[in-house]
Amino acid sequence: MLTVQEDRSSSASSAVPPEARTEDYSIVTRGLTKRFRGGQVAVDHLDLAVPKGSVFGFLGPNGSGKTTTIRMLLGLVAPSEGGWELLGTAMPDGLRTALPRVGALVEGPSFYPYLSGEANLRRYDAADLTVDPRTASARIGEALERVGLTAAARKRYRAYSLGMRQRLAIAAALLRPRELLILDEPTNGLDPQGTREVRGLVKEIAAEGTTVFVSSHLLAEIEQMCSHVAVMRAGRLAAQGPLATLRAAEAVRISVETPDVAAAAAVLADLGLAGVRLGEDREDEVSAELGEKAAERICAELVTAGVAVRGLAVRRPSLEDVFVGLTGEGFDVAG
Amino acid sequence: MSPAEKGSPNQTMTAPQNTREKDTPPSETDALEGPTPGLTRTKEDSAEDSGLGASALGLRSEGAQRTNDEGKRRPESAQARDAEGVAKRRGLMRFLFSEVGLTFRRPRNLAMLGVLVLVPVLLGVALRAFGGPEPGDGAPGVFTQITGNGLFLTFAALSLLVQLLLPVSVAVVAGDSIAGEAGIGTLRYLLAVPVGRTRLLVVKYANAVIFCLAAVAAVASSALLTGLLLFPAGPITLLSGGTIPMAEGLLRIGLVVLYVAAGMAALAAISLAFSTLTEIAIGAIAATVVLVIVAQVLGVIPQLSGLRPYLLSSWWSGFDGVLRDPVATGEMGQGLLVFGAYIVIFGSIAWARFSGKDISG
């Protein structure tokens, strides 16, 4: 299922298909909105539906409302409007029962600088009233092991590198088995090696059946990790759905290189091609959506009409094209 | 042009349909405005509050609290719920221990306690070296008696330190409690655990009270030890003329420690309230210290003497009553009432502010 938000009215309908049960989703938001004091709308009528078991990428440029959304999901910030569900429970009333099953990394790691990594995890574990304190040491050891910080467990957090801090934050989210992991920019500030490690960890966690909701402004990261994606643009949802569906959404285009752009455009339009555009990348180019037509037939028609064709190309859109089209902004593809 | 760009922002929009919204009506007001939009959250916290009340006071079992939601569905599992209540209480104690551990492991707080311990020693050494003030020098009564009886050093040290140094150290711990966590970002992780806002506030305040008691006790013990080492000790001659044995004197020092700690606990409530207003711990600490100083300045202006009974600082050193026989409870009783009033008022402010606050730091 792919929902591309054509206009505002469509965002009023729920993203959850009517035949589906909310239990099948780890996160559902309905018209979730945050207006800050002063009238700035950070998140505007957001309807997310994160299927259980998915690795859900939450993509958008910086400042598009991703972190505010995550803060609302976790009950840190009260929405101005709308509602949401976590793990099938309506929030915010159910926060106390749902959040212990949710691990979170929000806006970077935060720990007590004068405590060791291990003592920091113990501190967060002590704040959880629903865990068995007798298993604390074992769980903390396991979480540290999992992110590869066992050797640095006794080191003060102050002395941790950025990558170690990020990994400790992931360890904190893994202090107990979780049904949902919410990771806000988990690879921010990591070197390529660290990024790879985090990606591997996410895949591993997802393989165990945990739903992972991961936000990023990096297209490549989402593309490599995720099964589903939602794209944010200036606080609104531009699109969401399985990655494969989204990839197929942008039309294949035919591009004609010619000195007679006007004539070529007329021919393409006469052939019934949609989305004729003049000189997008260069001046001597005309492009249009190919649709069901055969490229060679179009070439023949152009030549018959006396258009001088210098070059003809069929362009399959990259995922980047899709997202740039949806958000109207570029993504840092390289990372 | 992308499909998303075609949307007209002025198009009419139907309200999002959500059956659950009957329970939690979306608030129109901005959540940053204060506790109003927190109404939805208040529900969560009030449930948590009652659980906490039961665990802290031991008045009602956790099971009784839950009758409304879970009890109807499985009344047979009362025992299980009691066990859950016990586990919750244990969990809460664990979090309080964690909090206390954090406070007393922090180098800054240890340094403050060190200074508090050092001042009575310096005071004792100075009095020993240069002799105490003579009666009529204008020094408070207890100071003139130190050289005669070392126990008086405790009273003197407390009445001296309660003016500024103790309040500052309490302000540092209590002012840091919420703002400090917000400042380094650990607050959002604690709340996402979830620790519960009311519960966090209560544990933070309990920790501040424990620190108050520890700080006052540290001053008293240091003064007591210094006094006994440097000066003669024996039965205490009271302000009312009578004499009490040393053992009873120690008991009365214990009363003073509790009274001063209560006064500091009232200040801690103010500091905690300030701490919920900012993400900069030093701001909350400085505001508390400024408040203390302003209160003391107002307290010594004769024209404003009508204000004195309402100022917290006026009551801090009002423990002379223990040096009378029988103990004059009048002034101390009033002092405790004032402390209680401050705790209730500023505790409520802290709660009202914190329970609906957006955590964006």
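The following exchange concerns a predicted model with chains A and B.

Biologist: What kind of model is this, and how are residues and chains labelled?

Modeller: It is a predicted model, in which local features need pLDDT of at least 70, side-chain atom pairs count only at pLDDT 80 or more, and totals for chains, interfaces and linings use all residues. Residues are numbered from 1 along each chain as its sequence is written, while chains are lettered from A and ligands numbered from 1 in the order in which they are written.

Biologist: What ipTM and pTM does the predictor give the complex?

Modeller: The complex receives an ipTM of 0.80 and a pTM of 0.78.

Biologist: And what is the mean pLDDT of chain B?

Modeller: Chain B has a mean of 80, with 76% of its residues at 70 or more; pLDDT is the predictor's confidence in each residue, from 0 to 100.

Biologist: Where in chain B does pLDDT stay under 50?

Modeller: That applies over residues 1-72 of chain B, for which the model has 130 contacts beyond four places in sequence. Two residues are in contact if their C-beta atoms, placed from the backbone, lie within 7 Å.

Biologist: Where is confidence lowest and highest in chain A?

Modeller: Strand 1 (residues 3-4) of chain A is lowest, at a mean of 50, and helix 3 (residues 117-126) of chain A is highest, at 96. Over residues 5-13 of chain A the pLDDT is below 50. Chain A averages 85, and 90% of the residues score at least 70.

Biologist: Back to chain B: what is its secondary structure?

Modeller: Chain B has 13 helices and two strands. Helices (H or I, at least four residues) and strands (E, at least two) are DSSP runs, numbered from the N terminus.

Biologist: How far apart are the end C-alpha atoms of helix 3 of chain B?

Modeller: They are 40 Å apart, which agrees with the 40 Å expected for the 28 residues of helix 3 (residues 78-105) of chain B at 1.5 Å a residue. The expected span is 1.5 Å times one less than the number of residues.

Biologist: Which residues of that helix are buried?

Modeller: In helix 3 of chain B, the buried residues are B:Arg81, B:Gly85, B:Gly91, B:Leu92, B:Phe95, B:Glu99 and B:Thr103. A residue is buried if 20 or more other C-beta atoms lie within 10 Å of its own, exposed if 12 or fewer, and partly exposed in between, with C-beta atoms placed from the backbone. Of the 361 residues of chain B, 43% count as buried.

Biologist: Why does B:Leu116 count as buried?

Modeller: B:Leu116 is buried because 22 other C-beta atoms lie within 10 Å. B:Leu116 belongs to helix 4 (residues 107-130) of chain B. Leaving out residues up to four places away in sequence, B:Leu116 touches B:Leu161, B:Leu165, B:Leu166, B:Ser169, B:Ala215, B:Ala218 and B:Val219.

Biologist: Which residues have the most contacts inside the largest nonpolar core?

Modeller: They are B:Val170, B:Val219, B:Val260, B:Ala268 and B:Ala269, in a core of 170 residues. Helix 10 (residues 246-275) of chain B supplies the largest share, 17 residues. A nonpolar core is a set of buried Ala, Val, Leu, Ile, Met, Phe, Trp, Tyr and Cys residues joined through C-beta atoms within 7 Å.

Biologist: Changing topic, what is the strand order of the open sheet in chain A?

Modeller: The order of its four strands is 14-15-13-16, with antiparallel pairing. Strand 14 (277-278) and strand 16 (311-315) of chain A are the edge strands, each pairing on one side only. Two strands pair if DSSP finds at least two bridges between them.

Biologist: How many bridges join strand 13 of chain A to strand 15 of chain A?

Modeller: Five bridges join strand 13 (residues 253-257) to strand 15 (residues 285-289) of chain A. Within strand 15 of chain A, A:Ala288 stands opposite A:Ile254, and A:Ser287 is the bridge partner of A:Ser255.

Biologist: What about strand 16 of chain A?

Modeller: Strand 16 of chain A pairs with strand 13 of chain A over five bridges, in the antiparallel sense. A:Arg315 in strand 16 of chain A is the bridge partner of A:Arg253.
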